[in-house]
Amino acid sequence: MTYPPGPNENPMLVMYRWIRRPFELLERAKAGYGDVFTLPLPFAAPASHEAGESVKLVAVSDPAIIKEIFALGPEDVHAGEANVVLKPFLGKHSLLLLDGAPHLRHRKMILPSFHGERMLAYGRTMIDLANDTIDRLPVGRPLRAHAPLQALTMQIIVRTVFGVDEGPRFAELASLLTRELDASAWPGLIFPMLQRDLGPLSPWGRWLRLRERTSRLIRTEIARGRASTRSGRTDVLSMLLDTELTDDEVHDELVTLLVAGHETTATSLAWALRWVLPNRKLVGELREEIESARGDPAKIAKLELLDCTTKETLRLQPVIPMVGRVLQEPMRVGAWDLPRGALVAPAIYLVHRRPDLYPNPTAFDPKRFLAFKPAAWEYLPFGGGLRKCVGAAFAIYEMKMVLATLLSRVEMHLASPRVRVARRSITLTPSGGLPVRVTSVRQVA
Ligand code: HEM
């Protein structure tokens, strides 16, 4: 058994590069070693594997091999094991951390809340909240676009997932959850050695205290939901309370939906603005198309150019650049016989930049999706197989509702044409929070 070759560097240095410049690390390794390469990581292998070994990550950007990986079953590969660094943040019952039968059981109960047709129930709320955000945008003054987008995606989750719309409870939940997620955004906190409570001013201590408060609020919402009739309610919490999940399980799943669904969508929206705004021809074409939908969520969801624009944003700028699977048995992956415990990682970012699939891959060109309908292993911003993001339809729907509302009402420009990639926790965001300038806002009639 041999691992594919890769940069022979100190695992700590690789981790540092992964946090600071992940795309550069992936591109260099691919240029040097091809479609399958190994990166050493400074984490001990899980207890069930070779004692004393550190984890080796095998990055894969060959779509044919990714097709095979996504077809593997829960007895062959574990994704929860690959996400173990998230455990302190999400809780042990989180869908992202479970594997095998418990994962399938939870997934079956969560999926119905996110089926495509359920999105229609959320569309109006998404547009209304986007309009409220737009009404508060500062005109003529510099603005970091990521912040209001983040506040907006949080409000959308609090309404649609938690079902909270009563004024003070809504504001308290949204603001406390935002503070907690902000406190956990520093990438250093994923290292167990930095997870020390050195009082309320230390990063971990501050986060722990906020988590206690948010946890109490979430449990209050669960108790409130259990005590009410819930008839006519369309939020995800109500649906979860109708399953056999316990309160502890519902708690951890709510935290998971919040963490997995809030920052990812806000950041993808910021990337969409980063690429759309400088392209005035595209802005004009999108506005014309959006106008034809007359604010109807079902029609907006079906707009072709808007659909291609969200797809292209998630292709060029996937906020999660890789997903991981830990092999449960020795296995042949491509030309390599890998041992049990190897971490195999479909490299979303590298697949999305393959010139054989996406000619001129660094260009933002939404219309490429008019002609090319990629397979699930050629376009994978939401991962794939049995672990594919449960919120994919929700996220795409939300991106369309928010972009359509923003573009139809707001005239906005990038403050600077130079935008780099920065890291916020597990996601990759535009640097500086994407500085923009709003020049005018159209009032709704
Ligand atoms: C643009 C926004 C989003 C992106 C790019 C994204 C991306 C991803 C990715 C790459 C995975 C891992 C898939 C794999 O291992 O194959 C994932 C999993 C997951 N996502 Fe998302 N996501 C987004 C939005 C959301 C939303 C809105 C929700 C829910 C409200 C959500 C909930 C989840 C959950 C619960 C999982 C775990 C699924 C499982 O392990 O079975 N995500 N997402």
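The protein's secondary structure adds up to 17 helices and 12 strands, where helices (H or I, at least four residues) and strands (E, at least two) are DSSP runs numbered from the N terminus. With a radius of gyration of 22 Å, close to the 22 Å that the globule rule gives for 445 residues, the protein is as compact as a globular protein of that length. That radius is taken over C-alpha atoms, and the rule is 2.2 Å times the number of residues to the power 0.38. Along the principal axes, the C-alpha atoms fill a box of roughly 65 × 55 × 40 Å. Buried residues make up 56% of the 445; buried here means under 20% relative accessible area, exposed means over 50%, and partly exposed is in between (1.4 Å probe, protein chains only).

A word on the ground rules: this is a predicted model, in which local features need pLDDT of at least 70 and side-chain atom pairs count only at pLDDT 80 or more, while totals for chains, interfaces and linings use all residues. Residues are numbered from 1 along each chain as its sequence is written, and side-chain values use heavy atoms, with hydrogens and water left out.

**Around the ligand**

Now to the ligand. It is surrounded by 26 residues, and the closest are His 103, Arg 107, Arg 325, Arg 387 and Cys 389; a residue belongs to this shell if one of its heavy atoms lies within 4 Å of the ligand. Three of these residues put a polar side-chain atom by an oxygen atom of the ligand, as tabulated here. For such polar contacts, the pair must be N or O atoms within 3.5 Å; within protein, one must be able to donate a hydrogen and the other to accept it, and residues adjacent in sequence count only if both atoms are side-chain atoms.

| Residue | Side-chain N or O to ligand oxygen |
|---|---|
| His 103 | 2.7 Å |
| Arg 107 | 2.7 Å |
| Arg 325 | 2.6 Å |

The elements that give two or more residues to the shell are helix H5 (100-110), helix H11 (247-276) and helix H17 (392-409). H11 brings the largest share, 6 residues. Sorted by class, the shell has 15 nonpolar, 8 polar and 3 charged residues. In that sorting, Ala, Val, Leu, Ile, Met, Phe, Trp, Tyr, Cys and Pro count as nonpolar, Asp, Glu, Lys and Arg as charged, and the others, Gly among them, as polar.

What does the protein offer to the iron atom of the ligand? A single donor, the SG atom of Cys 389, 2.3 Å away. Donors are N, O and S atoms within 2.8 Å of the metal (3.2 Å for Na, K and Ca), and water is not among the atoms, so sites may look incomplete. Cys 389 sits in the loop between helix H16 (368-371) and H17.

**Helix H3**

Helix H3 spans residues 63-71, and its buried residues are Pro 63, Ile 65, Ile 66, Ile 69 and Phe 70. They cover an arc of only 150° around the axis, so they fall on the same side of H3; the arc is that of the directions from the helix axis to the C-beta atoms. That fits the usual geometry: an α-helix has 3.6 residues a turn, so residues three or four places apart point the same way. At the start of H3, a side-chain oxygen of Asp 62 comes within 2.9 Å of the backbone nitrogen of Ala 64. Lys 67 is also in H3, but counts as partly exposed at 43% relative accessibility. Its C-alpha is separated by 9.0 Å from that of Gly 384, although the two residues are 317 apart along the chain.

**Loops and odd backbones**

Two residues other than glycine have a positive phi: about 50° for Asn 360 and near 60° for Leu 434. Asn 360 is in the loop between helix H15 (348-352) and H16, and is exposed, with a relative accessible area of 52%. Leu 434 is in the loop between strand E11 (427-430) and strand E12 (435-441), and counts as buried at 0% relative accessibility.

Arg 340 lies in the loop between strand E7 (336-338) and strand E8 (343-346), partly exposed at 36% relative accessibility. A polar atom of the Arg 340 side chain is 3.3 Å from the backbone oxygen of Gln 328. From C-alpha to C-alpha, Arg 340 and Val 326 are 7.8 Å apart in space and 14 residues apart in sequence.
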